[in-house]
Amino acid sequence: MNRIIGERDLRETPFSVEEARATYRQMVRAREFDERALALQRRGWMSSWPPYRGQEGSQVGAALAMADADWLFPTYRSNAMQIARDVPMSDVLLFRRGRPEFASGHDVPNFPQAVPIATQIPHAAGVGMAMNYRDDDGAALCYFGDGATSEGDFHEGLNFAGVFDAPVVFFCENNEWAISLPRHRQTASDSIAGKAQAYGFEGVQVDGNDPLAVRETVSEALASARDGDPVLVESLTYRQGAHTTSDDPSQYEDAARDLPEWRTADPLERYEEYLRNQGVVNDALVDRVHEEAEEALDEAVATAEAAPDPDPDDVFDRVYADLPPRLRDQQGWLDSFVDDHDVYELDH
Ligand SMILES: Cc1ncc(C[n+]2csc(CCOP(=O)(O)OP(=O)(O)O)c2C)c(N)n1
Ligand SMILES: [Mg+2]
């Protein structure tokens, strides 16, 4: 299995007009969220933001392929996936303001975002193995970037999943960059999907800027995983913005090879044009979808602003039942630093 699906007449896809519109709605929400988050960060409203502009089709397509009972293992980059799964937008913002929320009041299973690269991959394999032991019929979708494939955790997670038939889809979003390192310096393999062969299961490439193709590919991969055959999906897209708001891509982007137009094209513009050509959206619907997204965002920002300041002790409270002495010392140091500097008197 190794394919990139070109755009087809909507009637030749497994998706209804309503599903195609719902996908569009989620892509608009994702785009507007990313733009707002970037603006809020620039105002000093929250800490750094990792933009996902250009990756909306890939993330929304994958999220909408999941059943409610499936586990999502997201990262700092896959916020559009979380939003498309109806994780409250305010939680994604609050996480960036130091609050511990990540999926409050939300009963669709999502792990917290992994920031250490690739650590979520063995976790997902373990959850898949646990599902087998418990006879659950769900699956796990593990999101990671092209850079994560160079970590030992990638090997360990895929190896376990292959040996133990864990119901896991490994969803590698190849956005061409790991900070400043281009994909061709990341691995000498022809493709990332091809690495699946070493683990005894299938790898598939998909056009990550075509949300319906991603949705179909990931749906099939999840069905295969539920039958005991994990799949590695390589979703080919492009990071159009900086790595994070602390990054300046003009320092290195010349290092990119020439990529085909479909890799770097704007997935939202492309999808909207496709749906217009299919007679599925018109100006009125486009305007309404944007207005609804703006309203949802205004509400999310207001909710986040109404939340209490984060408690500095939170960073110590959730890992150990009993803090080891070194961390207890650090907690004491932080407490006195906060007292001395009135950190939370600052307007943020
Ligand atoms: C274990 C670990 N090593 C290094 C880092 C620093 N780091 C943060 S993002 C990143 C690049 C990751 O690239 P990729 O996996 O392609 O994900 P993307 O940022 O493109 O979504 C690195 C090396 C980290 N967070 N964790
Ligand atoms: Mg990357």
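The following paragraphs walk through the sheet, the metal site and several helices and loops of this predicted model.

Because the model is predicted, local features are reported at pLDDT of at least 70 and side-chain atom pairs at pLDDT 80 or more, whereas totals for chains, interfaces and linings use all residues. Residues are numbered from 1 along each chain as its sequence is written, chains are lettered from A and ligands numbered from 1 in the order in which they are written, and side-chain values rest on heavy atoms, with hydrogens and water left out.

The sheet is a good place to start. Five strands form an open sheet with parallel pairing, in the order E1-E2-E3-E7-E6. Helices (H or I, at least four residues) and strands (E, at least two) are DSSP runs numbered from the N terminus, and two strands pair if DSSP finds at least two bridges between them. Strand E1 (71-73) and strand E6 (202-207) are the edge strands, each pairing on one side only. On average, neighbouring strands of this sheet are turned by 20 degrees against each other, direction ignored; axes here are lines fitted to C-alpha atoms, for helices over the stretch in contact, and angles run from 0 to 180 degrees between N-to-C directions.

Within the sheet, strand E2 (residues 140-145) and strand E3 (residues 168-174) run parallel and are joined by six bridges. Phe 144 has Cys 172 of E3 as its bridge partner, and Cys 142 has Phe 170 of E3. E3 is mostly covered, with seven of its seven residues buried; buried means under 20% relative accessible area, exposed over 50%, and partly exposed in between (1.4 Å probe, protein chains only). Val 168, Phe 170, Cys 172 and Asn 174 point one way from E3, while Val 169, Phe 171 and Glu 173 point the other way. At the E6 edge, six bridges join E6 to E7, and the two strands run parallel. Asp 207 stands opposite Leu 236 in E7, and five of the six residues of E6 are buried.

The loops around E3 hold two residues with a positive phi. Asp 165, in the loop between H6 and E3, has a phi near 50 degrees, a positive value in a residue other than glycine. Asp 165 counts as partly exposed at 42% relative accessibility. Glu 176 lies in the loop between E3 and E4 and has a positive phi of about 80 degrees, although Glu 176 is not a glycine. At 1% relative accessibility, Glu 176 counts as buried.

The metal site comes next. The magnesium ion (ligand 2) has as its protein donors Asp 146 (OD), Asn 175 (OD1) and Trp 177 (O), which lie 2.1 to 2.2 Å from the ion. Donors are N, O and S atoms within 2.8 Å of the metal (3.2 Å for Na, K and Ca), and the site may look incomplete because water is not among the atoms. The donor residues are spaced D-x28-N-x1-W in sequence. Asp 146, in the loop between E2 and H6, and Asn 175, in the loop between E3 and strand E4 (177-178), are 29 residues apart, so the pair links distant parts of the chain. Asp 146 is buried at 0% relative accessibility, and Asn 175 is buried at 5%.

Asp 146 also touches Gln 186, a residue of helix H7 (residues 183-186). Not counting residues up to four places away in sequence, the other contacts of Gln 186 are Gly 147, Thr 149, Ser 150, Ala 178 and Leu 181, where contact means heavy atoms within 4.5 Å. The side chain of Gln 186 makes a polar contact with the side chain of Ser 150 (2.5 Å). A polar contact is a pair of N or O atoms within 3.5 Å; within protein, one must be able to donate a hydrogen and the other to accept it, and residues adjacent in sequence count only if both atoms are side-chain atoms. Gln 186 is buried, with a relative accessible area of 14%.

Elsewhere, helix H11 (residues 283-306) has 24 residues and reaches 35 Å from its first C-alpha to its last, close to the 34 Å expected at 1.5 Å a residue; the expected span is 1.5 Å times one less than the number of residues. Buried residues in H11 include Leu 285, Val 289 and Leu 297, and their cover includes helix H1 (17-42), helix H4 (89-96) and helix H10 (267-277). In the loop between H10 and H11 sits Val 281, buried at 7% relative accessibility.
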